[in-house]
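Grab your viewer and let's take a stroll through this one. We'll start with an empty space and then look at what packs where.

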Amino acid sequence: MAQDAASAVGAVPGIDAAAVTAWCAASVPDAAAPLRFEQIAGGRSNLTYYVDDAVGRRRVLRRPPLGAVAGNAHDVLREADVLRRMSAAGMPVPTVLGVCEDPGVNGAPFFVMEHLGGAILRVPEDFGAFPDPAQRARIGHSLIEVLTRLHRADLDSAGWGTRAGQRGFIERQLGLWSRNWEAGRARMLGDIEQTRDLLARKIPAQQTAAVVHGDFRLDNCLIGADSTVSGVLDWELTTVGDPLADLGHFLVYWAQPGDAVTALENPPTLVPGLPTRGELTRAYIERMGGVLDVTEQEVDFHVAFSWWKTACIVENVYARMSRGVMGDADRTPGSFAAQAERLAARALACARELQ
């Protein structure tokens with residue numbers, strides 16, 4: 001069986017087709033060999049693959065980047081655990097079908113999950129599937145509904161009840177992303193360091209603790225035919241923390257026409273008919289009533305922090321790509337280097353404007 005699988009697919013970076021097929025046949029319900037693997041473009045941290053079996057069933061596999069990795073951002077075993085927790089808390093997430101902890105099978109741990117239906121809107125052209133302004137408005141407000149449902153989720157149900165009193169999230173995040181950037185950087189980027197120091201002096205008090213996705217944005221969600229969120233993906237950065245960090249991150253990625261700098265190279269939200277950042281912020285505050293008392297200054301801080309964090313992430317992607325550990329990619333290392341410079345400059349400008 002392993003030999004058949006190996007002959008049925010071409011070489012796919014990060015996948016030992018024969019070994020993974022044998023493991024899936026033994027560990028994933030109803031996995032019919034031979035399996036075919038295809039890397040999904042777009043992921044910049046853990047690597048993601050379609051897994052299609054002999055009778056047309058599709059699943060999804062996640063593994064760390066090629067080469068040595070460190071830190072929770074690439075801990076796929078932790079990500080699988082988070083998915084199980086979020087399923088128990090009632091969030092729209094794919095079901096985990098199997099987890100391989102043995103790096104001897106495929107060079108690193110990995111897990112297999114169900115493939116959820118829905119569209120991923122990565123570029124403006126993808127909104128062609130949702131041409132009606134009412135559909136587009138519904139998408140924006142559905143994202144906020146799901147985000148606030150996450151932030152209001154019971155920590156006990158998610159298995160994190162002991163962390164309900166935890167505070168100091170932003171302080172820890174500043175330290176975490178600074179260490180990640182410093183440990184893996186391929187060059188100096190002074191704007192990142194300056195922004196970190198400015199933010200450290202202006203951190204607002206954390207009001208509550210909630211489940212924080214860590215990378216909640218449109219293109220990390222699946223959108224169903226009814227223009228609502230059918231699934232939330234990429235939970236590798238999830239933790240318990242300040243929910244406003246998720247809001248700030250979401251707003252940074254919700255680009256609008258006229259924005260001089262955007263978090264993505266070709267943001268999907270640059271189309272007419274979508275709610276504005278202001279409208280979505282007001283919808284979030286209304287839905288979080290009784291849990292948070294949000295001020296404009298707090299939102300501005302978390303937006304600045306999220307520009308900085310995004311700059312750190314993109315700079316780390318550049319460093320990994322320059323070392324050749326990300327497999328096939330649809331962009332050059334130099335494009336990520338230039339993007340990180342723009343993001344870091346934007347973060348510094350926002351931090352300087354904070355009251």
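How much space lies in the second largest pocket? The answer is about 510 Å³, in what is, keep in mind, a predicted model. The pocket is lined by 21 residues, and the ones closest to its centre are Asp 300, Val 303, Arg 346, Cys 350 and Glu 353. If you'd rather think in terms of secondary structure, helix 8, helix 10 and helix 11 (333–353) are the elements that each give two or more residues to the lining. Helix 10 gives the most, with eight residues. As for chemistry, the lining has 11 nonpolar residues, eight charged ones and two polar ones. As a general point, rolling a probe the size of a water molecule over the atoms is what shows where empty space is left.

Now on to helix 6, which covers residues 169–184. Its 16 residues reach 22 Å from the first C-alpha to the last, close to the 22 Å you'd expect at 1.5 Å a residue. Which residues of helix 6 are buried? They are Phe 169, Ile 170, Gln 173, Leu 174, Trp 177, Ser 178 and Trp 181. Look down the axis of helix 6 and the buried residues fall within an arc of 155 degrees, so they line one face of the helix. Swing round to the other side and you'll find Arg 179 and Ala 183, both exposed. What covers the buried residues of helix 6 includes helix 7 (190–200), helix 8 (243–253) and helix 10 (296–322), along with strand 6 (210–212) and strand 9 (239–241). Two of those names should ring a bell: helix 8 and helix 10 also turned up in the pocket lining.

Next, jump to helix 9 (residues 277–287), where you'll find Leu 280. Leu 280 counts as buried because its relative accessibility is 0%. The C-alpha atoms of Leu 280 and His 141 are separated by 6.9 Å, although the two residues are 139 apart along the chain. Setting aside neighbours within four places in sequence, Leu 280 is in contact with Gly 140, His 141, Ile 144, Phe 250, Trp 254 and Pro 275.

Loops deserve a look too. Thr 228 and Ser 227 share one: Thr 228 is in the loop between strand 7 (221–223) and strand 8 (229–232), and Ser 227 is found there as well. With 17% relative accessibility, Thr 228 counts as buried, because the cut-off is under 20%. Not counting residues up to four places away in sequence, Thr 228 touches Arg 138, Ser 142, Leu 222 and Ile 223. Ser 227 is also buried, at 3% relative accessibility, and it has a positive phi of about 70 degrees although it is not a glycine. For context, most residues other than glycine have a negative phi, and most peptide bonds are trans.

Another loop brings up both of those points. Between helix 2 (17–27) and strand 1 (36–39) you'll find Pro 34, and Asp 30 is placed in that loop too. Is Asp 30 buried or exposed? At 59% relative accessibility, Asp 30 counts as exposed, and its phi is near 65 degrees, a positive value in a residue other than glycine. Further along, a cis peptide bond joins Ala 33 and Pro 34, with omega at about 0 degrees.

Methods:
Residues numbered from 1 in each chain as written. Predicted model: local features only at pLDDT ≥ 70, side-chain atom pairs only at ≥ 80, totals over all residues. Heavy atoms only, no water. Helix = DSSP H or I, 4+ residues; strand = E, 2+ residues; numbered from the N terminus. Expected span 1.5 Å × (residues − 1). Buried < 20%, exposed > 50% of the residue type's maximum accessible area, 1.4 Å probe, protein only. Arc of directions from axis to C-beta. Contact = heavy atoms within 4.5 Å. 1 Å grid on protein atoms, 1.4 Å probe; cavity = no way out; pocket = protein on both sides within 12 Å on 5 of 7 lines; lining within 4 Å. Points joined across faces, edges and corners; volume = space filled by probe spheres on them. Nonpolar A, V, L, I, M, F, W, Y, C, P; charged D, E, K, R; others polar.
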